[in-house]
Every structure is written in C-alpha cells, then in structure tokens.
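Thanks for sharing this one. Here are my notes, in the order in which I went through the chains.

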Amino acid sequence: MTSLPVFVLLTPLVFAAVLFCGHSWGRERVLAINALGASAVFGLALFQWIQVWTGRTIVSTLASWPLPYGIALVADLFSASMVLVSTLVGFCVALSLRHNQEFDPGRFGYAIAFQTLLTGVCGVFLSGDLFNMYVWFEVMVVSSFVLFVYEAGKAQLAGAMKYAVPNYLASLLFLSAAGLLYGTLGTLNLADLANRIHEALSGTPNHQVAIRSAFVFLIFAFCLKAGAFPLSFWLPASYPVVSVPTLALFAGLLTKVGLYALVRTSTLLFPDVWPFSRTLLLIVAGLSMVTGILGAISQFEIRRILSYHIISQIGYMILGFALGTKAALMAAVFYVIHHILVKTNLFLIGGLICQVGGTFDLKKTGGLARHYPFLAAIFFIPAFSLAGFPLLSGFFAKFSLLKAGFDEGAYVLMGIALGVSFLTLISMLKIWIEAFWKPVPLKSNAPPFRALSWGQLLPLLIMAGSTLALGLWPQLLFGPAERIADEIRGRNVYVEAVLGEAR
Amino acid sequence: MGIGFSILIGVLFGVGFYLALSRHLLRFVFGLLLMGQGANLFVFMSGGLSRGLSPIIEGSSQRGVPETLSQALILTAIVIGFAMTAFFVVLARQCFLHFNSDDVADLGRFDP
C-alpha cells in the first residue's frame, strides 16, 4: 500500500510514453488512450483516497532511502482529496476532447502534454519534499506551455508570452527559496523543515533573515501561480485566448495547485514566522475578491468573465485559509473542491455555448434556451452554485465560510464577501439572460440547429452531478473537510506521519 | 571565493533584469534566461563552497567531502532551465514570425 502514490504518478507518465510512440495513430485512437490514461489515474486516485480515508497517511520513500534523507511522497487526506478531484476533472476534460471542434487534439503532442500535466499536478499534491515539489511544478508548467501554444495563432502566442513569463519568474523565486532553506537548515523534506525552522528562528539573525526571505519568496511565487490579486495580472490577459478544453483544465487545476502549495508550505513550515503574513493574506484575499468580480461584471465575453471569476474565487479560498480557525479551514477546503468541479464545468459549457451559438461574445448570441433546454439546465447548476444558490454546493461553501468569518469577528471582510457574492450572481445572471433567454439577435452567426450528443454532455453531467450531490449531501464533503482542517492545524500529525514511520 | 560568487549572482540577476526590461524580444528572453542562471548559481551556493575536496570515494573522509546534494539540485534545475530555454526561444521565434516584429509592446497591445 505504501507505494500507491508512486503508481498514481507513474500511470499518466506511462500513458504519456505510450502516446509518444503513436506518431501515426488516428485521432480516435489517441483520444481513447488519453481518456483511458485519465480514467486509470482517477481509479488509482480513488483507491488511494479510500485507503487514506479509512486508514492513515500514506508515506512512500523512494528507493528506500531512509527519511528525512530520501525523497518522500506523502498522501495525507488533503493531498489525496486534491488528487482525487483533480483527476476526476482531468478525466472529464479528456472525455470532452473527442467532440472538440476548435482544434484537433488527436494530433501528435497534445495528449502527451495532457498526461504529463496530470502527472505534474498530482506530483505537486503528493510531494513531501520542497525541491521535489519544485520539479513537479515545472513538469506541470512546461506541459501547460505546450498545451497553451498547441495549434497557436497570433492571439495564443501573445497570450503564451504573458502567461509563461510571470510563471517562469515565480518558478525562479520558488527555486531560490528552496536553495535558501536548504542552505540554512540542511534539509528539504517538508516535515523535517517544519521541525527545524522552529529552532532556527530562535537562532542567529542570519538564519532568521534567510528563513524570512525564503518565506516571502514562497508566498510571492505561490500567490502569483494561484492568481491572487496584485499578482493576478497575467491571468485575465492570457487565459481567455486558450481554446476551451485546455482552458477548462487550466482553470480547474493550475491556480488551485498554486493555492495548495501556498497552504501546505505556509501552514506546515511557517505557522509562527510572522503574524503579519496572516494579515497580509487577508488583505490579498479581500482585494482579489473585489478586483476579480469588478473585472468579471465589466466583460461581455464568456471566457473573460469566467477568467476574472477565478481571481475572485481564489480570494474566497485564501480568506478561509488565512482566517485559520477550524471552521474557516473546513469551509476553505470545501470551497476548493467545489470550485474545481464548478469552474471546469463552466468553461466546458462555455465552449458548448460558443459551439451552438457561434461566438463567445454574449452580445452576439442568444435564444439558446429554446433550442438547447438541456444545456441551459446543465449550465444552471454550476453557474448558480458558483453564485451560492441554496441547495447547490456553492451555498454551503459560502455559508460555512461566512459563518466562520463572523465568528472570528472579521466583519469588514465578510461584508466584502457578501457583496462579491451578490455581484457573482449578477454576472452569472448576465450569462444566463444574454445567452439563454434573450431572443436571438438579428446579426447572429449561429450555425444551424444540431442537437447535442450524449457524448458531449456526459462530462458536463458527471461534474454537474457531483456539484448537485455535494449540495444535497454536504456532509459527504464536510466529513473529510473536518479531518483535513484538523490535519492542517495540527501540523505535528503530518510531521509524525512522515518522520515517525521512517524510524 | 564566496564573496566573488555572491557578486556574480548579483550581476547575473542585475543584467538579466535589465535585459528583461527591454522591449526587444530576444533581449527580453536572454534576460529571463540570465536570471535563471543566477537562480541556479544561488542554489549551488546554498550548499557552501569547498576547495580541494574530493568527491565521495573510499578513503576521502579525513578532510570531509563537498556538499553533493546541492550539486544534484542544480543539475536538475539546469535540465529544467534547458527545457525553459528551448521553449522561450521557440516562442520568441514564432512570435517574431507571426507579428513580423521584435517589439514586445506589439505583443502586449495585441487584443483579439
């Protein structure tokens, strides 16, 4: 059982290698193998999650090097849950690739980068070693570069520059932080670092400066990758030009990987470095919520609206993690998982809206509810879940977050959160009214009516079904979320799970 | 020797930053890559520098051995940097071909 995380990482890599042999394979075959790979890794992730949920944290030591000297892969409930939901989303996107008409994902290269992206994402979640985490980050980032410029035109190339450069700089900072920490503390294992940082902070001033600088570097790098406010400039500039299935994958996974790394490192390594950092993150969260939503309501292009929403939603999650009480952490974990499902689904639906309406521009489309009532119904679930409608998963995410915040007395931030939530509803209503209810505009260039096939709707249905299930039975997720919150707060649990097992 | 390396890292970052502020596409890319080298060297320095020590072989332990892990780290970082270099150079070339301009501002101004 202890080598389960290794297999989770190896599976997509093996599929990438298999796809690499397929220079001359046809579209159907490549996409079938791609979907098979995604489903295999999802199956393993599910198995791993059940093992962690019913048992305890899985720690696998690579090549049997004793910890803390060897590289550890750690699957505690937080990482196992993130891997589970990410691979589910990956599987859904892999299914939707088959019906994509914007570009041909069956050509050589796309599926390989798709699999390595999944590897990188799972690797960051499972890594128990700071440098190893950096390497998986790079695997993910390079794969996303490749997907970004796949069959690129002018818009994608310009967008890729705006996407790649900030991410590259963030990676440099991450690398420098790893170097600083290794130079100061002589270890890179996260659990071991957590032990030693505490001692080193009462040590010489040189060490203190080095550790604090490393902390700042890490916060900066991860906030940039997560798309938190002052560092979110690249996101709306680059995401809206990506073609839809790729964009759905990016929107669901990439920023959340940055968020995971931010939470993992700051709660495990630096819980007592700076009381200042919590305040800082709370301010970042508030500003992200406001700027993101203001951007979203000023836009009339579906991909742009949804991209700005990522920023505002990241604000909610950082808010929950920065508040730091158990209730707030539970809410934040619930929020992340709900958000990954909903956001990916919305982008995929946005792609279908473009396909049946001929454009992403809301001003030039309309009347889709008449011909595609089923699409409207599927859009309704994630869209109004995002806004926080009761009986959908977003309601419980926001409700529990607000309750935790009011209990903490953070009234200003909670007021902002409520206001932003209201504006989210407005911007979702905007898509709803413009795309589905409004009569078809005169200058519409919508293609002639063609019923959507079940194959196109299946991935959307899987994710919408999960959203609905989380809304109707929120305790399904609040149970694990409570244990995750305990894990994050009691950092000794993680340290003991990793280092205790080594001895 | 440590001071010299520190200055070198500073110079690499400084020159890289200066070049990255340029509007010329190729200079911009070179700036990014120089900063990458600076970060690599920084990681290399983190293990401390040692002179005249032999690698880990039998009988070498009297005077200690040099830090090997930071060398392994920098090796990995260099390989990753190589992938990044390849990607950025190709991206810059494609941008130049599509936009017929090597001005970064043209990319920034482009709004589909």
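1. In chain B, 27% of the 112 residues count as buried (20 or more other C-beta atoms within 10 Å of a residue's own, with 12 or fewer being exposed, anything in between partly exposed, and C-beta atoms placed from the backbone). Please keep in mind that this is a predicted model, where local features need pLDDT of at least 70, side-chain atom pairs count only at pLDDT 80 or more, and totals for chains, interfaces and linings use all residues. Residues are numbered from 1 along each chain as its sequence is written, while chains are lettered from A and ligands numbered from 1 in the order in which they are written.

2. Chain B has four helices and zero strands (DSSP runs numbered from the N terminus: H or I of at least four residues for helices, E of at least two for strands). Of the chain B contacts with a separation of 6 or more, 53% join residues 24 or more positions apart (a contact means C-beta atoms, placed from the backbone, within 7 Å).

3. Where the chains meet, 24 residues of chain B are in contact with 24 residues of chain A. Helix 3 of chain B gives the largest share of the chain B side, 13 residues.

4. Helix 3 (residues 77-97) of chain A should span 30 Å, because its 21 residues count at 1.5 Å each (1.5 Å times one less than the number of residues). Its end C-alpha atoms are 30 Å apart, which agrees. In this helix of chain A, 21 of 21 residues are buried.

5. Confidence: chain A averages a pLDDT of 88 (the predictor's confidence in each residue, from 0 to 100).

Notes
Contact = placed C-beta atoms within 7 Å.
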